[in-house]
Amino acid sequence: MLFAWWHTLKNYLVIYWLFAKNCFMAQMEYRFNFYLGIGVEIAYLIAKLLYVVVVYKTDLHIGSITPDGILLFVGTFTLMTGIYSGLFFYNSLKISEYVREGTLDLLLVKPISLQFLVTLRYIHFGTPIPNVIAGGVMIVIGWNALEIHVTFFHLVAYGLFLVVATILTYCLMFFPALLSFWFVNTGGLAMIFYSIWDANNMPMAIYSKWARRIGIYVLPFMVITNFGPLWIMQELRIDQLIWGLCVPIIMLVGFRLLWKKAISNYSSASG
């Protein structure tokens, strides 16, 4: 059984590699658009970096978090923005189109997991580049400025929280798109989720106790960009650590159940 599981996983990794290869080739056919997308994203990124300038100019402290610590949070947020925009954003936009235009009929007959095909089919390479690079640089600078020793254990733990953050991003940011199986147009709800995402670019300590509880345990956006830096700074409580390791499993199970319910509710274009 383990061999069968590994064989299936390997096949899906090969397919995902082909998705990435085909998407890259398609984007290279229109290189001006590719580079223009990078330029636009750099402009947005520069605007976001004004937060960092203000933090250092005013010597802002959020609780026990110094400006260098805040940089670690902003860097994590920026890195995760790159991952989200590259892997999930465009796919989430396509779901309502599949439902509205009946394209899902064609995808249903493919000999592959429909969830995998719909949610991971497209990969954008241009727009994530500035965010991933800038986020990585800010993380390195903040980590070094805090004079925290870089150990293998620290790196593995932070990498694990990035995996947790990616899973949560997948589940949370596809949620409005799944509701399109019932309501077709869920653009308003998607905008609310985008706003919550953008509000997550600073340490959660700036928010009230109830806002933090909602952001950790109900809609766990705050886990995405807070738990990794808090772990590095040794300020992550044991209950938060346990929740951070459990919540991606809970969210994946919940997302899978919602996906099955959404597909069972789907009425094809042919009726």
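**Pockets, one cavity and helix α13**

The second largest pocket has a volume of about 360 Å³. I start there, and the usual caveat applies: this is a predicted model.

Who lines that pocket? Trp5, Thr8, Leu9, Tyr12 and Leu13 do, along with Ser113, Gln115, Phe116, Thr119, Leu120, Tyr170 and Arg256. Two elements give two or more residues each: α1 and α6, the latter at 114-120. The top contributor is α1, with five residues. By class, I get seven nonpolar, four polar and one charged.

Now the largest pocket. Its volume is about 630 Å³. There are 23 lining residues, and the closest to the centre are Glu41, Ser85, Phe89, Thr127 and Asn131. Five elements supply two or more residues apiece: α1 (2-28), α2 (31-57), α3 (67-87), α4 (89-101) and α10 (187-198). Which element gives the most? That is α2, with seven residues. The class split for this lining is 11 nonpolar, nine polar and three charged.

Next, the closed space. How many cavities of 30 Å³ or more are there? The count is one. Its volume is about 50 Å³. Around the cavity sit Lys48, Tyr51, Val74, Phe77, Thr78, Asn201 and Met202. Both α2 and α3 supply at least two of these residues. The largest share is from α3, with three. Four of the lining residues are nonpolar, two are polar and one is charged.

Last topic: helix α13. This helix covers residues 238-265, which makes 28 residues. At 1.5 Å a residue, the expected span is 40 Å. The end C-alpha atoms lie 41 Å apart, so the two values agree. There is still a kink in α13, of about 30 degrees, at Cys246. The proline Pro248 follows shortly after.

Which residues of α13 are buried? Gln240, Leu241, Trp243, Gly244, Val247 and Pro248 are, and so are Met251, Phe255, Trp259 and Ala262. Look at the spacing in that list. An α-helix has 3.6 residues a turn, so residues three or four places apart point the same way. What covers the buried residues of α13? The cover includes α6, α8 (152-178), α9 (180-183), α11 (209-218) and α12 (221-232).

One link back to the start. Helix α6 is part of that cover, and α6 also gives two or more residues to the second largest pocket. Likewise, α2 leads the lining of the largest pocket and supplies at least two residues to the cavity.

That's the tour. Over to you.

Note on methods:
Residues numbered from 1 in each chain as written. Predicted model: local features only at pLDDT ≥ 70, side-chain atom pairs only at ≥ 80, totals over all residues. Heavy atoms only, no water. 1 Å grid on protein atoms, 1.4 Å probe; cavity = no way out; pocket = protein on both sides within 12 Å on 5 of 7 lines; lining within 4 Å. Points joined across faces, edges and corners; volume = space filled by probe spheres on them. Helix = DSSP H or I, 4+ residues; strand = E, 2+ residues; numbered from the N terminus. Nonpolar A, V, L, I, M, F, W, Y, C, P; charged D, E, K, R; others polar. Expected span 1.5 Å × (residues − 1). Bend = angle between axes of the 7 residues up to and from the residue. Buried < 20%, exposed > 50% of the residue type's maximum accessible area, 1.4 Å probe, protein only. Contact = heavy atoms within 4.5 Å.
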